[in-house]
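Student: Can we go through this one together, a question at a time? Put it up and I'll start asking.

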Amino acid sequence: MKLLFRFMKPYRALVAVTLLVLFIDNVGTLLVPTMLADMINTGIGTGDFDYIVRGGLAMLGASLLASGGAMTGAYLAAKLASNVARDIRNAVYDASLQFSSSDFERFGTGSMITRTLNDANVIQQSIIATIQLVLPVPFLSVAGIVMACMIDYQMGILLAVVVAIVLAIAVVTVAKAAPIFMSLQKLIDRMNVVLRESIVGARVIRAFNKERHAERRLDEVFTSYADRAIKVNLLFAGLDCSAFFFMNIAEVALLWLGGNRVGAHAMQIASVTAVLEYAMLILFFVMMAQIVALTLPRAKACLDRAAAVIDLEPEIVDGAGERAGAAEADRASEDVAVFDHASFRFDDADEDTLHDLSFACKRGQTTAIIGSTGSGKSTIAKMLLRLHDVTGGAVRFCGADVRDLPQHELRGAISYVPQKAWLFSGTVASNLRYGNEDADEDAMRHALTVAQSEFVFDLPQGLESPVAQGGANFSGGQRQRLSIARALMKRADLYIFDDSFSALDFKTDAALRRALVPETSDAAVLIIAQRISTILHADQIIVLKDGHIEGKGTHEELMETCAVYQDIARSQMKGGE
């Protein structure tokens, strides 16, 4: 609940106005039965037409007050809830941007989607329902019973007993429903994960004839959710039945007792109607509050899940020694990035993934890293970007330990092409402007030419050609070239190409690497590859095996001294040449 209060705090004025309007609505609602009874007892009983007209006008005013308050209150409650839900969504998203890879893996993509969309929506709807249907119950119950007692104390006591019984049933029902609602959100997470896997991997499922298996997986998770949802609905049904039953019993009891009281001349006949209306009003709100109360445990679970993301202390934070300007004095130094006996271990691992790495990426030179799958090549790039932090030794950038630099500043000096070329939905131009927001058309055309992406110029809309989510409307090679063009839009001290040439044919690969030389002449270049042809002419090649450096040097030197490199060369090149 602290999280909810934190996000409602900026809207204190809106909360106060909403509660005031709600109070006006409730007051107007409570006045109508008393006015009606008075108008019948006095006006009709005495035949005073003027009194009836005045009473009718007063009732009209009270009705307008109640209806106006209800409409305004509904609008204000919806506005408050939508603002709070929006802020929670933004906070969850902003928090996720600060996560390291291991932080994000604690939750998973499916769970993060659920927390951002479904959970926030549950919180939003719960806020609206609570304001409109739960908060009025204490006031209406107490005020309605007091006003009934003022008409006739026996009728008021009977009404209080019925309300207490219905509230007791609600408490028991909510206690049983709470754990079921808590499990529903976890099942939604699981449904999201399985459904997302089935959609993304649809081609693989079809290729291996695993349609039935995929259907069974979906059936299992959907059935689990359905079973719990059915239990909740049964509780809802039982609550509805019991509430309506006691509402009808209360109506009959009040009419019976009221008839006796009127016969004993203890109260007037119209007053029975007023008490009956108070009973129906209170029991209706109690019944609606019960239904809302059943969903509150689910909203509480959603709040807790949002708080788990928002309040998580990121594994990687800016160090106490951060300084503005990111080692400006060292910008001209030859060594751009240096690994000084750097080691890395994942949180859940028993041993290091990378062991005692020592090498430097020098300005104006190309450093290449090659090794088998799982040898830790991409982890090196993530350590430079501080998506992971070293667990031993140090990584320095322009003379400063990366842990002492502001993350924004560090990443602003590095241009990165990820292993999986990812394009964002929009246009080619909007994707290129990720590298430089102020880029003009000439700069974008130049970057596309260097990245061998001239195919964009032949598209009907050119730079404004649409890009689907993930770049699905382009081939793998086109996505890689567009990702490289995006990286070239940014002037950086270090360019990292993480297996970014794998989908290119050899001719395009060679042409692109030749074009890159003048573009990156004043920066360091780090190429991570599995294909030797991509790194033949690198100034320095690092050979990785199981997280250890097995060799370091040029292609010619490694062909003479490194057995691991020789094996890779023989497997990829004709005759090992």
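Student: Okay, is Ser111 buried or exposed?

Tutor: Quick ground rules: this is a predicted model, where local features need pLDDT of at least 70, side-chain atom pairs count only at pLDDT 80 or more, and totals for chains, interfaces and linings use all residues. Residues are numbered from 1 along each chain as its sequence is written, and side-chain values use heavy atoms, with hydrogens and water left out. Buried means under 20% relative accessible area, exposed over 50%, and partly exposed in between, with a 1.4 Å probe and protein chains only. Ser111 has a relative accessibility of 6%, so it counts as buried.

Student: Which element holds Ser111?

Tutor: Helices here are DSSP runs of H or I with at least four residues, strands are runs of E with at least two, and both are numbered from the N terminus. Ser111 falls within residues 109-134, and that run is helix 5.

Student: Leaving aside neighbours within four places in sequence, what is Ser111 in contact with?

Tutor: Contact means heavy atoms within 4.5 Å. With those sequence neighbours set aside, the partners of Ser111 are Asp189 and Arg305.

Student: What is the strand order in the open sheet of six strands?

Tutor: Two strands pair if DSSP finds at least two bridges between them. The pairing in this sheet is mixed. Reading across, the order is 6-9-10-3-11-12.

Student: And which are the edge strands?

Tutor: An edge strand here pairs on one side only. That description fits strand 6 (414-417) and strand 12 (548-553).

Student: In which sense do strand 6 and strand 9 pair?

Tutor: In general, strands of a sheet pair through backbone hydrogen bonds, either parallel or antiparallel. Ile414 stands opposite Leu494 in strand 9. Strand 6 and strand 9 (residues 494-498) share four bridges, and the sense is parallel.

Student: Which helix packs on the sheet, touching strand 3, strand 11 and strand 12?

Tutor: Axes are lines fitted to C-alpha atoms, for helices over the stretch in contact, and angles run from 0 to 180 degrees between N-to-C directions. The helix direction makes about 95 degrees with that of strand 11 (540-545). Spanning residues 563-572, this is helix 19.

Student: Is Cys398 buried or exposed?

Tutor: Cys398 is in the loop between strand 4 (392-397) and strand 5 (400-401). Although not a glycine, Cys398 has a positive phi of about 50 degrees. Its relative accessibility is 0%, so Cys398 counts as buried.
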